[in-house]
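Work through the exercises below with the sequence and the model open. Each task is followed by a solution in steps.

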Amino acid sequence: MDIRLLHPSETPPYELLLLADPSRRIIDEYLERGECFLAEENSMIIGVYVLLPTRPETIELVNITVVETYQGKGFGKKMIFHAIEQARSKAYKTIEVGTGNSSLPQLALYQKCGFRMTGVDSGFFIRHYEEEIWENGIQCRDMVRLEMDLS
């Protein structure tokens, strides 16, 4: 798998981005401020993630997605480690990630990659999304925040 920066002339892979975030408006907002990386296997885009500077010395990993047929094969983990290395190379001290309370596989993956839970933003998905989000039979209401110290 190769991971590269989205070229400015390329259209972002919205089909993939919308798998992780159902709001095109919110996706467009963070694409404008962040860097979008594409994961490719045999010249096909199989994954995407965005790194978004949030505060001095802090960057957030947002919207990490792998095509369904490639899930469970280690590509997501490789993309997370790539994002961590990108953050380190840019001298960030902290990398953050947030996911829904209902995103059970993602919560496990982030912790396996070394992220630690730091808090819960109660009602985040109720406040910021018009449509209800359901995963694993659970309504996604709260944002679980995780972070990793890069120093």
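**Exercise 1. Decide whether Cys36 is buried or exposed, and whether Cys36 and Cys140 are in a disulfide.**

Step 1. Cys36 has a relative accessible area of 6%, and buried means under 20%, exposed over 50% and partly exposed in between, with a 1.4 Å probe and protein chains only. Cys36 is therefore buried. The model is a predicted one, in which local features need pLDDT of at least 70 and side-chain atom pairs count only at pLDDT 80 or more, while totals for chains, interfaces and linings use all residues. Residues are numbered from 1 along each chain as its sequence is written, and side-chain values use heavy atoms, with hydrogens and water left out.

Step 2. A disulfide is a pair of cysteine sulfur atoms within 2.5 Å. The closest cysteine sulfur to that of Cys36 belongs to Cys113 and lies 19 Å away, too far for a bond.

Step 3. For Cys140 the nearest cysteine sulfur is also that of Cys113, at 20 Å, and Cys140 is in no disulfide. Cys140 counts as buried, at 3% relative accessibility. The disulfide count is zero.

**Exercise 2. Place strand 2 in its sheet and find its bridge partners.**

Step 1. Helices (H or I, at least four residues) and strands (E, at least two) are DSSP runs numbered from the N terminus. Five of the seven residues of strand 2 are buried.

Step 2. Two strands pair if DSSP finds at least two bridges between them. Strand 2 pairs with strand 1 in the antiparallel sense over four bridges, and Ile3 stands opposite Ala39 of strand 2.

Step 3. Strand 2 and strand 3 also run antiparallel, joined by seven bridges. In strand 3, Ile45 is the bridge partner of Glu40, and Val50 is that of Cys36. The hairpin of these two strands has two residues between the strands, and Asn42 takes a positive phi near 55° there.

Step 4. Seven strands make up the open sheet, in the order 1-2-3-4-5-9-6 with mixed pairing. Strand 1 (2-5) and strand 6 (116-121) are at the edges with a single partner strand each, so one side of each has no neighbour in the sheet.

**Exercise 3. Check the length of helix 3 and list its buried residues.**

Step 1. The expected span is 1.5 Å times one less than the number of residues. For the 15 residues of helix 3 this gives 21 Å, and the end C-alpha atoms are 21 Å apart, which agrees.

Step 2. The buried residues in helix 3 are Phe75, Gly76, Met79, Ile80, Ala83, Ile84 and Ala87. An α-helix has 3.6 residues a turn, so residues three or four places apart point the same way.

Step 3. Just after helix 3, Ala91 has a positive phi of about 70°.

**Exercise 4. Which residues have the most contacts inside the largest nonpolar core, and which element gives the largest share of this core?**

Step 1. A nonpolar core is a set of buried Ala, Val, Leu, Ile, Met, Phe, Trp, Tyr and Cys residues joined through side-chain atoms within 4.5 Å. The largest has 27 residues, and Tyr49, Leu51, Leu61, Ile80, Ile95 and Phe115 have the most contacts inside it.

Step 2. Helix 3 gives the largest share of this core, six residues.

Step 3. Contact means heavy atoms within 4.5 Å. Leaving out residues up to four places away in sequence, Ile80 touches Leu61, Ile64, Leu109, Tyr110, Cys113 and Phe115.

Step 4. A second, separate core has 20 residues, including Ile26, Tyr30, Val62 and Phe125.
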